[in-house]
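The exercises below each set a task and then work through a solution step by step. Please keep the sequence and the structure in view while reading.

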Amino acid sequence: MSDTSTLAITPGTEQPVQLKYSRTIADLPGPKPSPFFGNLLQLDRKRIHVTVENWIRQFGPIFRFKILNHNVVVVSDYAVVSSLLRERPAGFRRHQAGVTIMKELKIDGVFGAEGEAWRRQRKLVMRGMNAEVVRNFFPTMVSMTERLMLRWRTALEAGKPVNVHRDLKAMSLDVIVALAMGFDLNAMDSDGNQLQRDIDGLFMRLGQRMNAIFPHWRHVRLPRDRDADASAGRIEFAVTDFIQKTRERIKNNPHLRQKPGNMLEAMIVASEEDGNDFTDQELIGNAITAVLGGEDTTANSIAWLINNLVQNPAAAAKLAAEADAVLGENRFIQDWEMLSELTYLDASHNESQRLKSVAPVFGLVSNEDCVVADTFFPKNTVVFASAVGASFDENHFPQSSQFLPERWIFDEKPDEGNDPNRKLFPFGGGTRLCPGRFLALTEIRMVIAMLMRNFELEPDPKALPVKEVMNFFMVPSGVPVRLKLRA
């Protein structure tokens, strides 16, 4: 292959530049496609990330596969992935098919927005999920952590089993609904709340549609599709009511303008400032997006960490010792400053994200002709950027198949080339870094510290092996863990 060049437009400038490259997508390696289906029949859409990771091992840091007659390029080199994430939204956008599915279910917020709409909504959401808002929300998280602890202790003292996975999802749902909407759902202690059923049903339908080969619901409306529409309508109605009540609360408590205690309060305050023209529909869309994005990701990140700890009792013992030392006589975190003292917990979470990221792949589309890793990408090239491509590379993570939290603990900050934090992207990267990252990390620390301070983990010998399942996010098929009260 010889060097080639072409003229292209630089996103955001409309100025032509000379692109130099030595290969095209056709030159890339990849699995052999069949004549009509391409590699589609080789992909289990419930475990597509596993197939992609296996292909990364086989074909290297950049390769292509085909879905029907369309090329998809996979990039896994962490430096290249980092540059792609930094180039959003000007250079790359989300795949429109997924955004359309979300909008059909009235999930229309910052996650699917692009361009100027994204910039406006990002400003709104960041006001609602910044560190100050999460810190103001901290007392509510303390109460919910205590509620989870008491639920588990009460069940064990009565000799009843604990469904850890179910309770983690309920806890995360309670937290994100309280933050995003200012409402205590208490899904933890009940299964009958209509809003809870609607949120769970909508998320399930979202995952099913994302994994569908053909969008049948646009042509034939099945009962489950009508149920999804009804759930979306009821959620929108509930959020509209929350907005009205929150406006009344702010009016009656003016101090909330300076110290909002949840995302909805902060977004409403931001929307009413001079120079802003945020609509109620943007408030509604981003509150719903926050709930659907915040429940499943955090709950399943905690679930994967627990699964890793029960398989690695030495690491679990170290984490329990740290929880004892930091919490002292407390049974759960009640002091904000304690969160920064959980070094081994943070390392364990990072290691769990390396092995089991809930968002292992980012789907991107190029906005213009461009060059990536010396390869010419024409406009509208579909790219799968691996968030964890370096995680199973022995050059970056020796003993990569092992759960070793110690690899994230340093006597002094490593240089950029050796810093593992720069090689993985569990929360995305660039300007589209997940706005709920700070909330998620706070919740993970609080739940895991409480768990290790009060309970012992044992594997459930009757449980089926855990499988990785790609719904909208990558989730465990279960949490085969039995809890025991610590003495």
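**Exercise 1: a hairpin and its sheet**

Task: Find which residue takes a positive phi in the hairpin of β4 and β5, and then place these strands in their sheet.

Solution. In the hairpin of β4 and β5, where two residues lie between the strands, L68 takes a positive phi near 55°. The model is predicted, so local features need pLDDT of at least 70, side-chain atom pairs count only at pLDDT 80 or more, and totals for chains, interfaces and linings use all residues. Residues are numbered from 1 along each chain as its sequence is written, and side-chain values use heavy atoms, with hydrogens and water left out. Strands (E, at least two residues) and helices (H or I, at least four) are DSSP runs, numbered from the N terminus.

Next, look at the pairing: strand β4 (residues 62-67) and strand β5 (residues 70-75) run antiparallel and are joined by six bridges, where two strands pair if DSSP finds at least two bridges between them. The bridge partner of I62 is V75 in β5, while F65 stands opposite V72 in β5.

Then widen the view to the open sheet of five strands, which has the order β4-β5-β10-β7-β6 with mixed pairing. Because β4 and β6 (92-94) stand at the edges with a single partner strand each, one side of each is left without a neighbour in the sheet. Neighbouring strands of this sheet are turned by 35° against each other on average, direction ignored; axes are lines fitted to C-alpha atoms, for helices over the stretch in contact, and angles run from 0 to 180 degrees between N-to-C directions. Finally, helix α1 (residues 48-59) lies across β4, β5 and β10 (382-386), and runs at about 135° to β4.

**Exercise 2: a helix and its packing**

Task: Describe helix α12 (residues 343-355), and state what its buried residues pack against.

Solution. Begin with the span: α12 has 13 residues and reaches 19 Å from its first C-alpha to its last, close to the 18 Å expected at 1.5 Å a residue, the expected span being 1.5 Å times one less than the number of residues. Among its buried residues (under 20% relative accessible area, with a 1.4 Å probe and protein chains only) are Y344, L345 and A347. The buried residues of α12 pack against α10 (280-311), α11 (313-327) and α13 (437-454).

Now take one of these neighbours: the axes of α10 and α12 come within 9 Å and cross at roughly 100°, which makes α10 roughly perpendicular to α12 (65 to 115 degrees). In this contact (heavy atoms within 4.5 Å), S301, W304, L305 and N308 of α10 meet S348, H349, S352, Q353 and L355 of α12. The residues of the contact divide into three nonpolar, six polar and no charged, where Ala, Val, Leu, Ile, Met, Phe, Trp, Tyr, Cys and Pro count as nonpolar, Asp, Glu, Lys and Arg as charged, and the others, Gly among them, as polar.

**Exercise 3: a loop residue**

Task: Determine whether F332 is buried or exposed, and list what F332 touches.

Solution. F332 has its place in the loop between α11 and α12, and with a relative accessible area of 7% F332 is buried. Not counting residues up to four places away in sequence, F332 touches V142, T145, E146, M149, L327 and M450.

Key:
Buried < 20%, exposed > 50% of the residue type's maximum accessible area, 1.4 Å probe, protein only. Parallel < 35°, antiparallel > 145°, perpendicular 65-115°, else oblique.
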